[in-house]
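Q: I'd like a close look at the salt bridges in this protein, and at whatever surrounds them. Please walk me through it in plain bench language.

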Amino acid sequence: MQEVGFKNPAASLEFYGIKNAKTAYWNLTPEELVEHSIAKGMGQLADTGALVIHTGKFTGRSPEDRFIVMDSISKNKVNWGNVNKPFDSRKFDRLWRKAVAYLRKKDVYVRDVAACASANELFRLPIRVITEYPWSNQFASNMFLRPGREELASFDPKWTALCVPGFLADPETDGTRQENFAIINFKKKQLLIGGTGYTGEIKKGIFSVINFVLPVRAKETLPMHCSANVGENGDIALFFGLSGTGKTTLSADPNRPLIGDDEHAWSEHEVFNFEGGCYAKTIDLTEEKEPDIFRAIRHGAILENISFLEGTREVNYADRSITENTRVSYPISYIENARIPSNAPGAPKNIFFLTCDAFGVLPPISKLTPEQAMFHFISGYTAKVAGTEVGITDPKTTFSACFGAPFLPLHPAKYAELLGRKLRKSKSNVWLINTGWSGGAYGVGSRIKLGYTRAMITAALRGELKDVEYKTHKVFGVAMPTHCPNVPDEILSPRNTWADKSAYDAKANLLAKYFMENFAKYADQAKPEIVNAGPRPV
């Protein structure tokens, strides 16, 4: 096996069972990986210089095909169920051997990276990523921390990720659900991905690993699926929210450097980013709507599953013909206002839970007690507008525990209780922000103006809501400010914006019912103080 590139002289792919690969390319530069992708017919350049690739059959994660090996480490700690499906350790070993055998006489790409951009080296997680495709390796370079040449010379990985999109499992003999799979082995510290080229499986696989490792190894460190920025005075803000709630847009602030856009930890002394890059949606992207993302799409970035305007190399961001989930990955240094290293000392001063409430029930801004924060953290609520099917007129609720249920190996209550302890110690402010509807549900009311939402967040960050009068929502029990600079007072209480007050009351009670039905899944392990902080229909 020929080896090309720079690596720790002691490193060997034979340790992982890879013995007969054609050429092993170690730690190639992004420019070299782009050349390999194009030479292999796997990509082409957009007019901005970004590499355009197609991930194949899968253009998103496949949650039903994510498994965790059940062993002495995971058996009594993992929250087994629909999210965390158990996998037999012997079948994992056999599948790993088949995957590395598949690489015989093929080129492989090896990248030494790290996760956790903490100022404390004890948090750093060295990872060796071995991929079949050059652009998968470039994705790892974009998304994780990139060690310098001196560190690479003595690099000692604690985890290994093996990604072989061309290798298909046999469900009958291999124990998978279908041909594709993503399997985490905590005992062997291995992540095995096959049958899918979707790069997000690498990113979220490692995120799941960290969500298990950090709370177990560093008990007062909370892993979080959120974005984070920091003000000029060092005040940290966190933004939690599911897709469509405005997390990326609202955390992007020219006056507040970005710590990161997706995955962070809150330790006893700092908030730090897990990653060294960003993985942003690009559907309907424009420079006006998302200037930072738009300008980051240049040489070194990877665009996934997009098309060009006919006869050009100009990207057609409106095209949904391949998928709605078009994406771009790029190093965080491509963001002009990024904070590097991606960490900030201290605890968050303000935490925002973003929800797009299409029922038009929740206030545009409200303040939560620590107990309410734990309840809403476990709930992870947003709502999507009704579909086009005949007879469906109501919005549809979406709940994702801790705003990231698919990536939580532990029970959500574990993360919520840790959040509660940190809130009580830090005295952080927690705000529930509704970026959805006011004056009625979707189809009757109107979307809350982005300018108003920005003004509310700015007021919270500046401490301008500290001394205003608050009123309590009768159903959800949250504290609603009666005044906010640059926001009309009349929209701050959602019931006041509805012409039909009885219709509002009915809708509020309905949404409260949905909340409690969802929370029932976690009530057995959630403390009474959290359960009692939920809404109460009247």
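A: Here's the tour, from the charged pairs outward to the cavities and sheets.

Keep in mind that this is a predicted model. A search of the whole structure turns up 26 salt bridges. Side chains of opposite charge can pair when their charged atoms come close.

A good place to start is Lys-203. Its salt bridge with Asp-262 has the closest N and O atoms 2.8 Å apart. Asp-262 sits in the loop between β15 (258-260) and β16 (263-266), while Lys-203 belongs to helix α6 (residues 200-217), so this pair ties together parts of the chain that are 59 residues apart in sequence. How covered are the two partners? Anything under 20% relative accessible area counts as buried, so Asp-262 makes the cut at 11%, and Lys-203 does too, with 3%.

Lys-203 also forms a salt bridge with Glu-275, and there the closest N and O atoms are 2.7 Å apart. That second link again joins distant parts of the chain: Lys-203 in α6, and Glu-275 in the loop between β17 (270-273) and β18 (277-281), 72 residues apart. Glu-275 is buried, as is Lys-203.

These contacts belong to a network of salt bridges that links Lys-203, Lys-204, Lys-247, Asp-262, Glu-263 and Glu-275.

For contrast, look at Glu-268 and Lys-425, which form a salt bridge with their closest N and O atoms 3.9 Å apart. Glu-268 lies in the loop between β16 and β17 and Lys-425 in helix α10 (residues 412-426), so the bridge connects parts 157 residues apart in sequence. Here both Glu-268 and Lys-425 are exposed, whereas Lys-203 and Glu-275 are buried.

Now for the empty space. There are 5 cavities of 30 Å³ or more. The second largest cavity holds about 90 Å³ of space, and it brings us back to α6. Lys-204, one of the network residues, is also among the residues nearest the centre of that cavity, along with Arg-66, Ala-182, Glu-201 and Gly-205. The lining has 14 residues in total, and α6 contributes the largest share of them, 4 residues. β10 (181-185) supplies at least two as well. By type, the lining of this second largest cavity splits into 7 nonpolar, 3 polar and 4 charged residues.

The largest cavity comes to about 150 Å³. Of its 15 lining residues, Thr-248, Ala-252, Leu-258, Asp-292 and Ile-335 lie nearest the centre. The elements that give two or more residues to this lining are α7 (247-251), β18 and α8 (291-296). Its lining divides into 7 nonpolar, 3 polar and 5 charged residues.

Next, the sheets behind those loops. β16 and β17, the strands on either side of the Glu-268 loop, are part of an open sheet of 4 strands in the order β12-β16-β17-β23, paired antiparallel. β12 (222-225) and β23 (343-345) are at the edges with a single partner each, so one side of each has no neighbour in the sheet. The twist from one strand to the next averages 15 degrees. β17 and β23 are joined by 3 bridges, and one bridge partnership sets Glu-270 against Pro-345 in β23.

β10, which helps line the second largest cavity, belongs to another open sheet, with 9 strands in the order β1-β2-β7-β8-β9-β11-β10-β5-β6 and mixed pairing. β1 (2-5) and β6 (85-87) are its edge strands, each pairing on one side only. Neighbouring strands in this sheet are turned by 20 degrees against each other on average. Within it, β7 (residues 108-115) and β8 (residues 125-131) run antiparallel and are joined by 7 bridges, with Asp-112 standing opposite Arg-128 in β8.

To recap the charged part: Lys-203 pairs with Asp-262 and with Glu-275, and Lys-203 itself is buried at 3%.

Methods: Residues numbered from 1 in each chain as written. Predicted model: local features only at pLDDT ≥ 70, side-chain atom pairs only at ≥ 80, totals over all residues. Heavy atoms only, no water. Salt bridge = Lys/Arg side-chain N within 4 Å of Asp/Glu carboxyl O. Buried < 20%, exposed > 50% of the residue type's maximum accessible area, 1.4 Å probe, protein only. 1 Å grid on protein atoms, 1.4 Å probe; cavity = no way out; pocket = protein on both sides within 12 Å on 5 of 7 lines; lining within 4 Å. Points joined across faces, edges and corners; volume = space filled by probe spheres on them. Nonpolar A, V, L, I, M, F, W, Y, C, P; charged D, E, K, R; others polar. Pairing = 2+ DSSP bridges. Axes fitted to C-alpha atoms, helices over the stretch in contact; angles between N-to-C directions.
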